[in-house]
Amino acid sequence: MTPKILILPGDGIGPEITGEAVRVLGALSLGFEMETALLGGAAVDATGEPYPEATQKLAKAADAVLLGAVGGPKWDTLPREKRPEKGLLGIRKHLNLFANLRPAILYPELANASTLKPEVVSGLDILIVRELTGDIYFGQPRGIENRGGERFGFNTMHYTETEIRRIGRVAFEAARKRGKRLCSVDKMNVLETTQLWRDVMNELAPEYPEVTLSHMLVDNAAMQLVRAPRQFDVLVTGNMFGDILSDEASMLTGSIGMLPSASLDEHNKGLYEPSHGSAPDIAGQGVANPLATILSAAMMLRYTFNEEAAARRVENAVKAVLAKGLRTGDIFETGTTKVGTKAMGDAVLAAL
Ligand code: NAD
């Protein structure tokens, strides 16, 4: 069967950066069938819905989805249900993408891009595994109500042990293939939900004797990530803590324009997207860094299509381009050559 990829350019710089990743995927001659559809603000403008039915159908039928980014100031005042972010949460839930994998790797050529001292971050290679479909982001009841004459805001944090176990397994498996160290992050001293999280992780540990499991409270994890980030191999945590810690980890590397991500279901169907947003401040200028999206395509080759060699080929092409000194504005430094989105894509294609 022909492998099917759905491309969702989204908003802001989304169309520019996915355009480059599509060129790279096409150049590999792996016979992918690629189709494009609407998500986010672009979908709201065209159909009134952030995750329209036509896109839902195509997403279900595809083996993998490549997404740019969604959102922008234009849609920030719409009712919450109609905002682009609802489209993103919607597709994650619809495809049951419960596991979010975000590597944070510091390429030696970009060591100066980090705000931390090179001796603290050089050689950094960590993977954050974030649960993506549960937790306080989806918990009911929620809302803002009038209670006792004043406005009252509330959300609900919850996890079932099944949800914790399945994300735990993804993290243990990932750690087994890497440095064999897994750190589970929680807030068990205050939140019962995360006490259960810790208990279930401990229950899983005997099934993976080669992996060393440790635990850390989320506030300490936030500190340790900037104090001594190389102590970590794989981190696993819930949706909200993972949201924050994965952004923090991404900044260790200096540029959010370099960081890919994968969100997987139980059958390795995946949604692949850069870790950054739609960057409305530079949209349409042809200056956005397409490498995070191209590296997301490489993760797609690895996790959904089992094309390890092709994934490496793309990753090595990105390394070669950096070694040549080519940089988009976000990672530019004196002595390197500043290029735009398309020229960066051209260089990756040439290096392939
Ligand atoms: P952002 O990641 O879009 O931008 C933060 C900063 O990083 C900006 O200065 C931007 O120019 C820069 N940047 C981001 N990606 C870049 C790239 N590839 N190349 C060069 N520079 C890049 O975050 P934000 O400004 O907080 O959010 C902007 C919009 O994106 C908001 O509407 C937000 O809701 C949305 N957003 C979407 C996603 C997503 O689709 N997954 C994630 C985060 C934010």
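Glutamate 81 pairs up with lysine 86 in a salt bridge, and the closest N and O atoms of the two sit 3.6 Å apart. The model is a predicted one, and the distances and accessibilities given here are computed from it. Glutamate 81 counts as exposed because its relative accessibility, 54%, is over the 50% cut-off. Its partner, lysine 86, has a relative accessibility of 34% and counts as partly exposed.

That pair has company: a search of the whole structure turns up 22 salt bridges. In general terms, side chains of opposite charge can pair when their charged atoms come close. Another case is the salt bridge between the side chains of arginine 147 and glutamate 145, with an N to O distance of 3.0 Å. Arginine 147 is partly exposed, at a relative accessible area of 37%. Glutamate 145 is likewise partly exposed, with a relative accessibility of 37%.

Next come glutamate 207 and arginine 169, whose side chains meet in a salt bridge at 2.5 Å, N to O. This pair ties together distant parts of the chain, the two residues being 38 residues apart. Glutamate 207 belongs to the loop between helix H7 (192–204) and strand S9 (212–217), while arginine 169 is part of helix H6 (residues 161–177). As for accessibility, glutamate 207 comes out at 43% and counts as partly exposed. Arginine 169, at 30%, also counts as partly exposed. Elsewhere, salt bridges that share partners link up Glu20, Arg23, Lys342 and Asp346, making one network of them.

Arginine 327 deserves a paragraph of its own. This residue lies in strand S13, which covers residues 326–327. Arginine 327 counts as buried because its relative accessible area, 4%, is under the 20% cut-off. What surrounds it can be read from its contacts, leaving aside neighbours within four places in sequence. Among the residues touching arginine 327 are Glu109 and Leu110, along with Leu322, Phe332 and Met344. The run of Thr336, Thr337, Lys338 and Val339 is in contact with arginine 327 as well. For one of these, threonine 337, the spacing is also available: 10 residues separate threonine 337 from arginine 327 in sequence, and their C-alpha atoms are 5.9 Å apart in space.

Taken together, the residues described here include an exposed glutamate 81, a partly exposed arginine 169 and a buried arginine 327.

Conventions:
Residues are numbered from 1 along each chain as its sequence is written. This is a predicted model: local features need pLDDT of at least 70, side-chain atom pairs count only at pLDDT 80 or more; totals for chains, interfaces and linings use all residues. Side-chain values use heavy atoms; hydrogens and water are left out. Helices (H or I, at least four residues) and strands (E, at least two) are DSSP runs, numbered from the N terminus. Buried means under 20% relative accessible area, exposed over 50%, partly exposed in between (1.4 Å probe, protein chains only). Contact means heavy atoms within 4.5 Å. A salt bridge is a side-chain nitrogen of Lys or Arg within 4 Å of a carboxyl oxygen of Asp or Glu.
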